[in-house]
Amino acid sequence: MVVCVLLLVSLFAWLPAPTLSQEAVSAHRRFEYKHSFKGPHLVLQDGAIPFWTHYGNALPSSERVRVVPSMKSQSGSVWTKTNAVFENWEIEVSFRISGRSRIGADGLAIWYTRERGPTGPVYGAVDHWDGVGIFLDTYDNDGRLNNPAILVVGNDGHLTYDHLNDGGSQTLGSCFRDYRNSYHAVRIRI
């Protein structure tokens, strides 16, 4: 074990140092406060989140945003007011999806679209969006026992989302992950 570690250290010592041109093309990370929010002190005195708008049944508080209350037929969303003008970007979202029963509501979506809001029938947003949605689908609409799932669905503004088949024919990629009723918040990085 010690030999392997020493060998790796010596290999790194022989690697050439990055040149200025290599450093210029490497990823640059920075925190964009107009595209972010987190508690504490999340909301202003009027209940608004700085640089963000909420629609429908979304309930911002000082610590978090509850997108919908635990009641039937509720829908809500939170959208940034500032357009993303970045060629490359990364987003990290912490969330909890919980409920008394194993069967839940439709789920949660993270949107990257040309237009923002208002509420609608596709995970709290309008159908026929232009962009991509990352759907955390918790309800098994098609009865195939393939939920909870994470789906990536693109739309050019003309497609109608296929709720009955959980978007199966429109999915660009998907995976299965049980994130419902987790004790701790779940984090997703895109």
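Here are four short exercises, each with a worked solution, on a predicted model.

**Exercise 1: the sheet**

Find the order in which the four strands of the open sheet are arranged, and work out which strands stand at its edges.

*Solution.*
- Step 1. Trace the sheet from one side to the other: the order is S6-S7-S8-S9, and the pairing is antiparallel.
- Step 2. Look for strands that have a single partner. These are S6 and strand S9 (171-176), so each of them has one side without a neighbour in the sheet.
- Step 3. Check how the strands turn relative to one another: from one strand to the next, the twist averages 15°.
- Step 4. Zoom in on one pair. S6 and S7 are joined in the antiparallel sense over seven bridges, and Thr-113 sits opposite Gly-131 in S7.

**Exercise 2: a salt bridge beside the sheet**

Locate the salt-bridge partner of Asp-130 and decide how exposed each of the two residues is.

*Solution.*
- Step 1. The partner is Arg-114, with the closest N and O atoms 3.0 Å apart.
- Step 2. Place both residues in the chain. Asp-130 belongs to strand S7 (residues 130-137), while Arg-114 is in the loop between strand S6 (107-113) and S7, so the salt bridge ties together parts that lie 16 residues apart in sequence.
- Step 3. Compare each relative accessible area with the cut-offs: over 50% is exposed, and under 20% is buried. Asp-130, at 31%, is partly exposed, whereas Arg-114, at 64%, is exposed.

**Exercise 3: a charged network**

The structure holds four salt bridges. Identify the residues that are linked in a network of them, and follow the links made by Arg-189.

*Solution.*
- Step 1. Name the members of the network: Glu-90, Glu-92, Arg-187 and Arg-189.
- Step 2. Start with Glu-90, whose side chain meets that of Arg-189 at 3.9 Å, N to O. Glu-90 is in the loop between strand S4 (76-80) and strand S5 (92-95), and Arg-189 is in strand S10 (residues 186-189), which puts the two 99 residues apart.
- Step 3. Now take the other link: Arg-189 also forms a salt bridge with Glu-92, at 2.7 Å, N to O. This pair connects strand S10 with strand S5 across 97 residues of the chain.
- Step 4. Sort the three by accessibility. Arg-189 counts as exposed because its relative accessibility is 52%. Glu-90, at 43%, is partly exposed, and so is Glu-92, at 38%.

**Exercise 4: the nonpolar core**

List the residues of the largest nonpolar core and find the strand that gives the most to it.

*Solution.*
- Step 1. Begin with a general idea: in soluble globular proteins, nonpolar side chains tend to be buried together.
- Step 2. Collect the twelve residues of the core: Trp-79, Ala-109, Trp-111, Val-122, Tyr-123, Ala-125, Trp-129, Phe-135, Ala-149, Leu-151, Val-153 and Tyr-161.
- Step 3. Look at the strands behind them. S6 and strand S8 (149-156) each supply at least two residues, and S8 gives the most, with three.
- Step 4. Explore around one member. Setting aside neighbours within four places in sequence, Leu-151 is in contact with several residues, including Phe-135, Tyr-161 and Ile-134.
- Step 5. Keep the second core apart from the one above: this separate group has nine residues, among them Phe-95, Ile-97, Ile-134 and Ile-150.

Notes:
Residues numbered from 1 in each chain as written. Predicted model: local features only at pLDDT ≥ 70, side-chain atom pairs only at ≥ 80, totals over all residues. Heavy atoms only, no water. Buried < 20%, exposed > 50% of the residue type's maximum accessible area, 1.4 Å probe, protein only. Core = buried A, V, L, I, M, F, W, Y, C linked by side-chain atoms within 4.5 Å. Contact = heavy atoms within 4.5 Å. Pairing = 2+ DSSP bridges. Axes fitted to C-alpha atoms, helices over the stretch in contact; angles between N-to-C directions.
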